[in-house]
Amino acid sequence: MKISYNWLKQFIKIDWKSEETATLLTDLGLEVEVVEKYQSVKGGLEGIVVGHVLTCIPHPDADRLKITTVDLGDGVPVQIVCGAANVDAGQKVPVATIGTILYDATGVAFTIKKGKIRGQESHGMICAEDELGLGNSHDGIMILDNELAPGTKAAEVFKIENDEVFEIGLTPNRADAMSHLGTARDLRAGLLQNGVNVELITPSVSNFRVDMRTLKIDTIIEEPLLAPRYCGVTISGITVKPSPSWLQDRLKAIGITPKNNIVDVTNYVLHDLGQPLHAFDASKINGKIIVKTLAAGTKFTTLDDVKRTLHQEDLMICDEKGPLCIAGVFGGKNSGVNEQTNSIFLESAYFNPVSIRKTAKRHQLSTDASFRFERGIDPTITAYALKRAALLIQEVAGGEITSDVSEVYQKKIEDFSVFLNFANVAKIIGQEIPKDTIKQILVSLDIKVNSISEIGLGLLIPSYRVDVQREIDVIEEILRVYGYNNISFSEKLNATVSNSPRNEDYKIQNIVANQLISQGFNEIMANSLTTASYVELSDVLKEVHNVTMLNPLSNELATMRQSLLFSGLEAISYNINRKNSDLRLFEFGKSYHKFLSGFEEHKHLTLFLTGNRNKESWTNAQKPSDFFLFKGYVDAVLSRFGIQKTQSIPVSSDVFSEGIAIGTGHNTLVEFGVVKKSILKHFSIKQEVFYADFNWDAILKAIASKIKFTEIPKYPEVRRDLALLIDQNVTYDSIYAIARQTEKTLLKDINLFDVYEGNNLPEGKKSYALSFSIQDSTKTLTDAQIDKIMSKLQNNFETQLGASLR
């Protein structure tokens with residue numbers, strides 16, 4: 001937001017330097033990012049003076065040039081060669097002296113230097129208006145008032161506007177400060193706190209009066225909830241033309257291009273008071289003004305000549321024949337003001353902020369008006385701003401006010417009531433602020449004190465302060481005006497040691513993250529907002545309703561994600577398209593779900609693995625990542641926290657072509673496997689992707705609260721191998737379970753180190769080579785004990801699996 005310092009001084013008389021004012025505004029929460037100088041004429045006519053042409057004779061060597069002698073007021077006339085046809089002796093003209101910097105039509109600077117033109121010396125330049133930036137004419141030099149004294153500075157003659165403009169990084173909650181009046185209100189509060197007594201000067205509308213009642217246009221509000229307050233007035237006999245220079249300078253200073261006097265006044269009042277206005281050509285209004293919504297699919301052409309399809313919730317300004325304007329957002333092509341307009345209907349309204357925001361987002365329109373309406377403007381100045389604009393239009397365009405102000409205000413928007421507790425002020429700010437100072441600050445912010453007691457104040461908050469509706473908001477207002485820099489800090493340092501549990505979420509996250517990073521993974525952080533259509537890729541996800549945004553930024557960010565899979569695949573696709581195809585990624589994040597019983601959030605840890613397991617090198621052959629490598633990473637996460645008593649359970653998600661799940665009891669800890677090719681195809685991924693989804697809440701519950709440890713055994717471990725011939729349908733898992741059941745104490749480890757299927761084996765058979773590690777922590781095992789254990793294992797394998805030794 002841009003604020004002109006000269007404009008600001010119309011509301012509050014202040015002689016501070018711009019740097020001091022910028023510092024105070026920043027302290028008040030209106031952060032001034034930069035202060036820029038503005039001149040209505042680039043260069044400020046510096047070096048341009050009034051010259052008196054004493055003589056003018058033809059150039060001896062050029063038919064179109066003349067040699068002049070010009071008095072510049074210093075008693076030493078100078079010779080200047082001029083090519084203008086209208087230059088003549090006796091004239092008063094603007095002269096650019098030696099060293100003056102001028103600007104061409106493209107804004108490029110050039111310096112006036114002493115030189116020779118066709119052999120004749122020239123000590124300056126007599127200027128046309130376009131060369132000075134005072135107009136577009138280049139028909140000849142400017143002829144000035146003959147009463148002007150030679151040597152008078154041109155900046156004094158043409159009253160150049162020199163201004164300073166504050167670029168303020170306005171936060172979205174400060175709708176009240178989106179104007180020069182709003183900024184002046186805050187500045188006054190800050191000045192009073194600094195001991196500078198100033199008054200807020202608001203423009204008077206006491207001269208507003210109806211000249212004649214010859215053009216009355218009635219208004220009907222069919223949607224009072226969307227348009228709580230609506231005012232209008234007609235002005236006839238106007239002349240649409242360029243605005244006067246003072247008005248153009250004000251708008252140019254804050255970056256607005258002037259259009260014509262009517263539109264410029266509406267823009268001026270918008271930035272002056274913060275009230276958006278709209279002017280309709282009254283001759284194009286058929287009957288009454290009707291504020292209503294239209295049927296979905298209705299076509300409407302806006303000022304930018306775009307035909308738009310209306311939504312059934314779009315609030316429209318209509319007449320008895322059809323729509324004229326999208327309320328609070330954008331005007332219509334066929335009802336706007338042009339050079340032929342001689343009467344207007346001027347609108348000033350307060351529209352529902354949510355309605356305006358939805359409409360602006362639907363049509364992808366962002367205007368100065370919608371920017372303010374959707375954040376909440378001041379509903380108390382609707383009629384005042386209308387009268388202010390009407391008087392300005394009469395000043396710059398002539399005309400007469402030809403109707404009373406028509407106003408529909410069915411239910412007054414009331415101020416907010418808040419009770420402020422003094423104890424809470426001291427507690428939150430951390431310092432006792434005198435009660436009289438608190439009252440003074442509140443009054444300076446136009447917050448009324450309704451009641452006073454020993455414990456606090458009963459307050460009435462102005463309705464335009466939509467961001468101040470709670471006690472904590474009032475305390476924040478007191479603090480920012482009192483000054484954050486004025487809060488003292490104790491020299492005593494207090495420290496506390498918190499007795500936080502070992503298994504706090506963030507601690508566990510850090511441990512896992514460090515482990516995964518050490519294994520070559522990179523952490524990603526994806527947006528929780530995603531595309532609604534992603535749920536169509538999974539039948540399981542389709543059964544749960546999406547959590548949709550009321551005001552989405554785009555269709556791609558319209559819903560909260562139900563799974564972290566798709567955002568991860570987006571990242572993988574993005575990297576693969578940029579020749580980075582060997583990826584190990586992980587993410588901590590939440591999924592969001594809507595059930596009949598309400599909304600739920602679930603936290604997850606997801607892992608992604610794709611591409612080759614090692615970088616390309618002459619020492620290592622390229623080998624793609626596989627399921628067993630990925631399973632090792634998953635097991636390592638569970639193992640890191642001592643989660644051991646797990647079992648394989650069926651996978652509930654249908655995003656895997658092959659996958660398994662690991663759980664404890666009825667809780668699923670993790671599901672992992674190979675992502676379906678149909679899903680990968682949607683993201684244009686052609687290589688295999690492994691995906692693991694940890695249920696983080698279940699992981700936290702499963703982590704052992706106590707750490708158990710055993711000493712390193714003193715006695716040796718013995719290894720024995722068996723080569724078993726088994727049926728094709730027998731799994732390693734079943735062999736593992738039987739072995740563990742057979743010997744629970746001394747059997748420490750089981751390992752499958754060879755699998756053979758092929759020639760020299762009976763049909764339907766395969767060979768597993770397994771190693772068994774046996775150890776007693778209290779003594780050295782004898783051969784007899786070991787043989788007994790191995791015999792038991794062999795017997796159980798033969799009995800339960802039909803296995804035989806090879």
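Trainee: How should I read the two faces of strand β6, and which residues lie on one side and which on the other?

Mentor: The general idea is that in a regular strand the side chains alternate between the two faces of the sheet. In this predicted model, Lys92, Pro94 and Ala96 belong to one side of β6, Val93 and Val95 belong to the other, and all of them are buried, which leaves both faces covered.

Trainee: What does that say about how β6, residues 92-96, sits in the rest of the structure?

Mentor: Buried here stands for a relative accessible area under 20%. Five of the five residues of β6 fall in that class, so the strand is largely enclosed by the rest of the structure.

Trainee: Which strands does β6 pair with, and in what sense, parallel or antiparallel?

Mentor: Strands of a sheet pair through backbone hydrogen bonds, either parallel or antiparallel. In this case β6 is joined by five bridges to strand β3, residues 48-59, and the two run antiparallel; β6 is also joined by two bridges to strand β11, residues 125-126, again in an antiparallel arrangement. To follow the pairing with β3 residue by residue, take Gly51, whose bridge partner in β6 is Val93, and Ile48, whose bridge partner in β6 is Ala96. For the pairing with β11, look at Val95, which stands opposite Ile126.

Trainee: How many bridges join β3 to strand β4?

Mentor: Seven bridges join β3 to β4, residues 62-71, and these strands run antiparallel. One pair to locate is Cys56 with its bridge partner Thr68 in β4, and the connection between the two strands is a hairpin through two residues.

Trainee: Turning to the open sheet of three strands, what is its order, and which strands are at the edges?

Mentor: The order is β1-β12-β2, with antiparallel pairing. The edge strands are β1, residues 2-4, and β2, residues 32-39, each of which pairs on one side only, and the twist from one strand to the next averages 25°. Between β1 and β12, residues 162-168, the antiparallel pairing extends over three bridges, and within it Ser4 stands opposite Val165 in β12.

Trainee: Which helix packs on this sheet, and what does it touch?

Mentor: Helix α2 packs on the sheet, where it touches β2 and β12, and its direction makes about 20° with that of β12. A residue to inspect in this helix, which covers residues 18-27, is Ser18.

Trainee: Is Ser18 buried or exposed, and which residues does Ser18 touch?

Mentor: Ser18 is buried, with a relative accessible area of 4%. Leaving aside residues up to four places away in sequence, Ser18 touches Tyr5, Val35, Glu164 and Phe166.

Trainee: Finally, how should I read the largest pocket, and what is its volume?

Mentor: Rolling a probe the size of a water molecule over the atoms shows where empty space is left. The largest pocket in this model has a volume of about 1200 Å³, and of the 23 residues that line it, the closest to its centre are Lys631, Asp635, Tyr732, Asp733 and Tyr736. The elements that give two or more residues to this lining are α17 (627-640), β34 (647-649), β35 (656-664), α20 (732-742) and β39 (747-756).

Trainee: Which element supplies the largest share of the lining of that pocket, and how do the lining residues divide into nonpolar, polar and charged?

Mentor: The largest share, seven residues, comes from α17, and the lining of the largest pocket divides into ten nonpolar, seven polar and six charged residues.

Notes: Residues numbered from 1 in each chain as written. Predicted model: local features only at pLDDT ≥ 70, side-chain atom pairs only at ≥ 80, totals over all residues. Heavy atoms only, no water. Buried < 20%, exposed > 50% of the residue type's maximum accessible area, 1.4 Å probe, protein only. Helix = DSSP H or I, 4+ residues; strand = E, 2+ residues; numbered from the N terminus. Pairing = 2+ DSSP bridges. 1 Å grid on protein atoms, 1.4 Å probe; cavity = no way out; pocket = protein on both sides within 12 Å on 5 of 7 lines; lining within 4 Å. Points joined across faces, edges and corners; volume = space filled by probe spheres on them. Nonpolar A, V, L, I, M, F, W, Y, C, P; charged D, E, K, R; others polar. Contact = heavy atoms within 4.5 Å. Axes fitted to C-alpha atoms, helices over the stretch in contact; angles between N-to-C directions.
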